[in-house]
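Dear colleague,

I am passing on a structure that I would like you to look through at your own pace. Please open it first, and then read the notes that follow it.

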Amino acid sequence: MTSPAVSTAVELVAAPLLYKGKVRELYDLGEHMLVVVTDRISAFDYVLDPAVPEKGNVLNRLSAFWFEQTAELMANHVVHTDVELLGDIAKNKALLKDRIMVVRKAERIDMECVVRGYITGGGWRQYQASGEVNGIKLPEGMRKNEAFPEPIFTPAAKNDVGHDEDISMGQMKQMIGEELALELQEKSLKLYGFARDYCAERGIILADCKFEFGILDGKVILIDEIFTPDASRFWAKENYALDIEIDSMDKEPVRTYLASTTWDKNSQPDPLPAEVVEETTRRYVDIYRRLTAQA
């Protein structure tokens, strides 16, 4: 049975709200932070109505799963995901159970570390325009959705307002220093390689993904979320083909629906139809089950 959607946890948590993102809310626990993953869904920079049941649970449980899987490759910010340990801070443990993560407070590095294994999406648009992706010169004649000979690292400078800005590795070195930039590149490529191989064994192609890192006690650690449908592009192996728009295993039903309407993308769209919400829930639950073999 699907649990009710949670569009905000403000009334469910007895701790100060530090930050409210499009999907995540951060609460101050003193030494640590509480991350609550809501069921809000965004597209084209708008948070949409209604929230999508189970989405937050899937994102949080999937991140927790991947943080555990990659712990030997890279230290991360997770302290625990046990709602019972929150005590009275959790006002409704049943609603919060699968959507909380207590994390260490790291200083965020303002870079989105993107790894692309296939040329698609924004990378494909860059290539069509310039023959390059983030300043990396690519061979002529590549086809949409083609795999790169080796995955490429294509960072973006984080903007809290508006879109993140694609930058070259050279620009990244200027902004955060060469040593740190090279470390983030190496770690990102290693993490992508691990998850790509894991997904391939389960009939899923990891086309691209993004990471966020922070500094804690002078060391780089992995923060935010990893290898979720909101931070990665997953394709079912059976749907893979060149030169087409591949239906990705995420909020694609929402994007497809919005593209079919007359919405101008400059104002809050109308609420999503129930069948679009239900299909989106199904997508998120499906990718979780396929990746973790858990119900």
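A residue is called buried here if its relative accessible area is under 20%. Please keep in mind that this is a predicted model.

With that cut-off, strand E7, which covers residues 100-104, is mostly covered, since 4 of its 5 residues are buried. Strand E7 pairs in the antiparallel sense with strand E3 (residues 32-37) over 5 bridges, and in that pairing Leu 34 stands opposite Val 102 of E7. Strand E6 (residues 78-80) also runs antiparallel to E7, with 2 bridges between them, and there Val 78 stands opposite Val 103.

The aromatic side chains come next. The structure holds 12 aromatic pairs, and one of them is formed by Trp 66 and Phe 227, whose rings meet edge-to-face at 4.9 Å centre to centre, with 65° between the planes. Because Trp 66 lies in helix H1 (residues 55-69) and Phe 227 in the loop between strand E16 (219-223) and strand E17 (232-236), this pair ties together parts that are 161 residues apart in sequence. Both Trp 66 and Phe 227 are buried, and they belong to one aromatic cluster together with Phe 65, Tyr 198, Phe 211 and Phe 213.

Finally, there are charges over rings to look at. The charged end of Arg 202 sits over the ring of Tyr 198, 3.5 Å from its centre, while Lys 265 lies over the face of Phe 44, at 4.2 Å from the ring centre.

With best wishes

Definitions and conventions:
Residues are numbered from 1 along each chain as its sequence is written. This is a predicted model: local features need pLDDT of at least 70, side-chain atom pairs count only at pLDDT 80 or more; totals for chains, interfaces and linings use all residues. Side-chain values use heavy atoms; hydrogens and water are left out. Buried means under 20% relative accessible area, exposed over 50%, partly exposed in between (1.4 Å probe, protein chains only). Two strands pair if DSSP finds at least two bridges between them. Rings of Phe, Tyr and Trp (its six-membered ring) pair if their centres lie within 6.5 Å; planes under 30 degrees apart count as stacked, over 60 as edge-to-face and the rest as tilted. A charge sits over a ring if NZ of Lys or CZ of Arg is within 6 Å of the ring centre and within 35 degrees of the ring normal.
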